Amino acid sequence: MKSDKIVIETLRKLRLLPQFSHLHPIVKSPPTTTAQRQLQQLNEDAIRALRQRIPLYLVSLFGFVSATAIVGTVTHYNDKYYPYYPFPFAIDIGDGPSMLPTMIPCVELYWRDCWSDRFFWINWRHFKEVSMRLFADDASLKSTMGVSSYKRPWQRGDIVTIFNPYSKTIICKRIIGVEGDTIQVFGEYSQAYHDFEENECCGVPYDERYPMPFCRKVAFEQGMRDEGDGPLYETCITVPQNHVWVEGDNPLYSTDSRHFGPLPISSLRGRVTLRLWPIRRHHVSNTSDKEAIADEERYAASH
């Protein structure tokens, strides 16, 4: 302390104190003019006002986050209120192993598009095609090109967030079939699981909430039992109108349409389009894995 005072006194005698005031925390030059004193007073008043408002900002932020969470919960768990969900997106986190390896549970954050299927899809090619249909002069062209809409239609391969009306839970699956498609009720890879004898239900895992899964019911209705007219994996149905058939990417650990059947499109809550965290790859695949398809083709060719 004594040496600090000696240094300060020496600088003051040499009139170098203002020049070296930034080199030592004790060396601090007081304001010398009225303008400097007013500026210092203004800075102190601003800092004091900011400190007083910080609790108010925190309360406002907490209120906004709470209100957003309440609105999202109420709308997502009710088909009647979901059309009023105001935000164009939502942020999801993976839960459960049903979508492995595409989505890792409890680790990754995903961006979900909530507007393209309800209001407007920002896609120039789609906008151009729909505009040509709507403003075409040829009536036959309009009738042959189907219903036109600026919304994005649900497509096979989309990864979607769904409100399951049977279990009253929010789930994430991949669309395997849309209305009019013929699909195998035991799943895409049911034949492979049957040949490898993975389990007696062609790869459909047991879930105590569905003691008699939908696929079994359809097989019994069509008369296809283990020793009946044909193998279980050949059981097929046509997806009804305004419904989709969904399955997980990890069939042995997924509860999906094989258990509860096709779901109405009103239960869909948006399409997962982007991985936010970790930043490894920004695009979430909306098509089947090419390597898995190649392996399946090689297996079919060898048998």
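The following paragraphs lead through a predicted model of a protein, from its overall composition to its sheet, salt bridges, surface patch and aromatic pairs.

The protein has 303 residues, of which 34% count as buried. Its secondary structure consists of eight helices and nine strands. About 19900 Å² of the protein is exposed, and carbon and sulfur atoms supply 60% of that area. Among contacts between residues at least 6 apart in sequence, 61% join residues at least 24 apart. Several of the side-chain pairs described below illustrate such links between distant parts of the chain, among them R269 with D79.

The sheet offers a convenient starting point. Seven strands form an open sheet, and their order across it is β1-β2-β9-β3-β4-β7-β8, with antiparallel pairing. At its two edges lie β1, spanning residues 89–93, and β8, spanning 263–264; each of these strands pairs on one side only. In general, the strands of a sheet pair through backbone hydrogen bonds, in either a parallel or an antiparallel sense.

Strand β9 deserves a closer reading. In the strand order, β9 stands between β2 and β3. On one side, β9 (residues 268–277) pairs with β2 (residues 109–113) in the antiparallel sense, over five bridges. Within this pairing, D113 has R271 as its bridge partner, while W111 is partnered by L274. On the other side, β9 runs antiparallel to β3 (residues 159–164), and two bridges join these strands. Here the bridge partner of I162 is L268 in β9.

Strand β9 also takes part in a salt bridge. The side chains of R269 and D79 meet at 2.5 Å, N to O. R269 belongs to strand β9 and D79 to the loop between α2 (34–76) and β1, so that the pair links parts of the chain 190 residues apart. What is the burial state of R269, and what is that of D79? R269 is buried, with a relative accessible area of 0%, whereas D79 is partly exposed, at 30%. The pair therefore joins a buried arginine to a partly exposed aspartate.

In total, the count comes to nine salt bridges. Another of them brings together the side chains of D158 and R152, at 2.7 Å, N to O. Here D158 is buried, with a relative accessible area of 1%, and R152 also counts as buried, at 8% relative accessibility. A further salt bridge is formed by the side chains of R258 and D256, at 2.8 Å, N to O. R258 counts as buried at 2% relative accessibility, and D256 counts as buried at 0%.

The surface presents a nonpolar patch made up of F89, I91, I93, L109, W111, W277 and I279, which together have about 690 Å² of accessible area. The elements that contribute two or more residues to this patch are β1 and β2. Strand β1 provides the largest share, three residues. F89 is located in strand β1. Why can F89 belong to a patch whose residues need over 30% relative accessible area? F89 has a relative accessible area of 31%, and therefore it passes that cut-off while counting as partly exposed. W111, whose bridge partner in β9 is L274, is also a member of the patch.

The aromatic residues complete the picture. A search of the whole structure finds eight aromatic pairs. One of them, between Y77 and F163, is edge-to-face, with 5.7 Å from centre to centre and 70° between the planes. Because Y77 lies in the loop between α2 and β1 while F163 lies in strand β3, this pair ties together parts that are 86 residues apart in sequence. Y77 counts as partly exposed at 41% relative accessibility, and F163 counts as buried at 5%.

The rings of Y210 and F260 form a tilted pair, because their centres lie 5.9 Å apart and their planes stand at 55°. Y210 is found in the loop between α5 (190–195) and α6 (214–221), and F260 in helix α7 (residues 257–260); the pair thus links distant parts of the chain, 50 residues apart. Both Y210 and F260 are buried. Finally, ring pairs link Y82, Y85 and F87 into a cluster.

Technical notes:
Residues are numbered from 1 along each chain as its sequence is written. This is a predicted model: local features need pLDDT of at least 70, side-chain atom pairs count only at pLDDT 80 or more; totals for chains, interfaces and linings use all residues. Side-chain values use heavy atoms; hydrogens and water are left out. Two strands pair if DSSP finds at least two bridges between them. Helices (H or I, at least four residues) and strands (E, at least two) are DSSP runs, numbered from the N terminus. Buried means under 20% relative accessible area, exposed over 50%, partly exposed in between (1.4 Å probe, protein chains only). Contact means heavy atoms within 4.5 Å. Accessible areas come from the Shrake-Rupley method with a 1.4 Å probe; for residues, only the protein chains shown count as cover. A salt bridge is a side-chain nitrogen of Lys or Arg within 4 Å of a carboxyl oxygen of Asp or Glu. Patches are made of residues with over 30% relative accessible area and no salt bridge: like charges are joined within 9 Å, nonpolar side chains (Val, Leu, Ile, Met, Phe, Trp, Tyr) within 5 Å. Rings of Phe, Tyr and Trp (its six-membered ring) pair if their centres lie within 6.5 Å; planes under 30 degrees apart count as stacked, over 60 as edge-to-face and the rest as tilted.
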